Amino acid sequence: EVYMQACRLERVIPVSQFVRNIGTATMTLNHCGLGPSGCKAIATALGDTQIHTLELAGNYIQAEGSRYLMQLLRFNSSIEHLDLSNNHLKSDGAEWMAKMLSDNISLKTIKLSSKFVDDDAKHFADALSTNSRLKELDLSHNEFCGKGGEYLGQLLNNEGLEVLDLSWNHLRMKGAVAFCAGLKVNTTLKHLDLSWNGFGNDGALAIGEALKFNNTLVHLNLNNNRLTNEGVSMLCRGLEYNDTLQLAYNSLTVEGALVLVNIVKNTPKTALDEIDLCQNVQVNQNFVHLLEVTRQEHPGLKVHYRGVGGFIAKKPQKRIDPMKVVQDYLDKRKLRLWDFFRNIDKDGTMQVPVTDFRRAIQQSSIPLDGYQVEELIQRLDRGRTGMVDYR
């Protein structure tokens, strides 16, 4: 009744998903076309509810809508997970969200992919200087550059953050170096995604130096960061404590791959147990031999690469098209593709979040390995929107 009345006051059409989900722990309203007024109606109605997860991605709520949410969430004690990705919040919206984070005591995860610029990063750095309850922060697909890297480095003074996603930004050269200065003194971060930033070799040197001092980070993703063999050598100086390193889609050759495995071989106490070189590195027989020797001391080491080539060539194992694997799986069980997606697309929008799609694949009995799953996601979400559109 509160929601319907709020919709009448704001002159907006009620969203059926909201009505259906009243009383549940998760409120999923992604891509519902709410706009600022629809967001105000939602915020008004959620005042007395006890939901734990609020998903509002892709609703064009803009800065005005974020102000209404700030009023709802500032002193809310039940909502723990919030997704506001792709809502065109801009700088005013960043300021409202920062004010909310300064006071909120319940949020554990928040997604804010919203084309924020450098100065907006300062709002988040200031807010998280007093908020140690937030555990996961997604600031991917923004436009943070040099100055933004400096503010994000200051953000790492936070004492509670464990997962940080800064993929698809513009942290190059000075921005990368400034960010790594903060990483050097951080003591809580465990998972860091810096993929698609253009770190380059200067950034690799800076992050290698930071990793000499940071002993809490266990997963580091540097995919597609313009790293060369020289950059990898610089990075390797600080890899003693890292658990997983992803370096796919960089300018590496077998020389860089040899450097990485040698680091593991010559560092008995290293925690590095997985290196992802993915599709772009074709190794030679010398690399294969070194890897076998290294695995005698580090049996759990996993290295993913394109195949084996060179003068002593071995034909790379043919990779099976993951789309064909899925189709064969469905054909054998006389299922339609729609039958598979229907279980994860509760709202019938024909779009599902990448995280839900990945989880459903992994929990099913479809015979896909992790790399085929990621290849499938890249093909179904070419624009990196975070949504799999299966229409």
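Which residue forms a salt bridge with K40? The partner is E10, and the closest N and O atoms of the two sit 3.4 Å apart. Keep in mind that this is a predicted model, so every distance here is read off computed coordinates. The pair ties together distant parts of the chain: K40 belongs to helix α3, residues 35-45, while E10 is in helix α1, residues 2-10, and 30 residues separate them. Side chains of opposite charge can pair when their charged atoms come close. With a cut-off of 4 Å between the nitrogen and the carboxyl oxygen, the count comes to 8 salt bridges.

Now zoom out to the domains. The domain assignment splits the chain into domain 1, covering 1-308, and domain 2, covering 322-389. Their C-alpha centres are 23 Å apart, and the contact draws on 15 residues from domain 1 and 10 residues from domain 2.

So what does that contact look like? The size of an interface is often given as the accessible area lost when the parts come together. Here, domain 1 and domain 2 bury about 940 Å² between them, with 40% of it on carbon and sulfur atoms. On the domain 1 side, α2 (16-21) and β10 (274-276) each supply at least two of the residues that touch domain 2. Sorted by class, that side of domain 1 has 3 nonpolar, 8 polar and 4 charged residues. Even so, the count of salt bridges between domain 1 and domain 2 is 0, and the count of residue pairs in polar contact, both at pLDDT 80 or more, is also 0.

Finally, a look at an annotated stretch. An unreviewed UniProt entry places the feature "domain: EF-hand" at residues 332-367. In the model, that span is 47% helix and 8% strand, and its end C-alpha atoms lie 13 Å apart.

Definitions and conventions: Residues numbered from 1 in each chain as written. Predicted model: local features only at pLDDT ≥ 70, side-chain atom pairs only at ≥ 80, totals over all residues. Heavy atoms only, no water. Domains from an automatic or database assignment. Contact = heavy atoms within 4.5 Å. Buried area = accessible area lost by both parts, 1.4 Å probe. Salt bridge = Lys/Arg side-chain N within 4 Å of Asp/Glu carboxyl O. Polar contact = N/O pair within 3.5 Å; in protein donor to acceptor, adjacent residues only side chain to side chain. Helix = DSSP H or I, 4+ residues; strand = E, 2+ residues; numbered from the N terminus. Nonpolar A, V, L, I, M, F, W, Y, C, P; charged D, E, K, R; others polar. UniProt positions renumbered as here; feature names shortened; annotations may be inferred.
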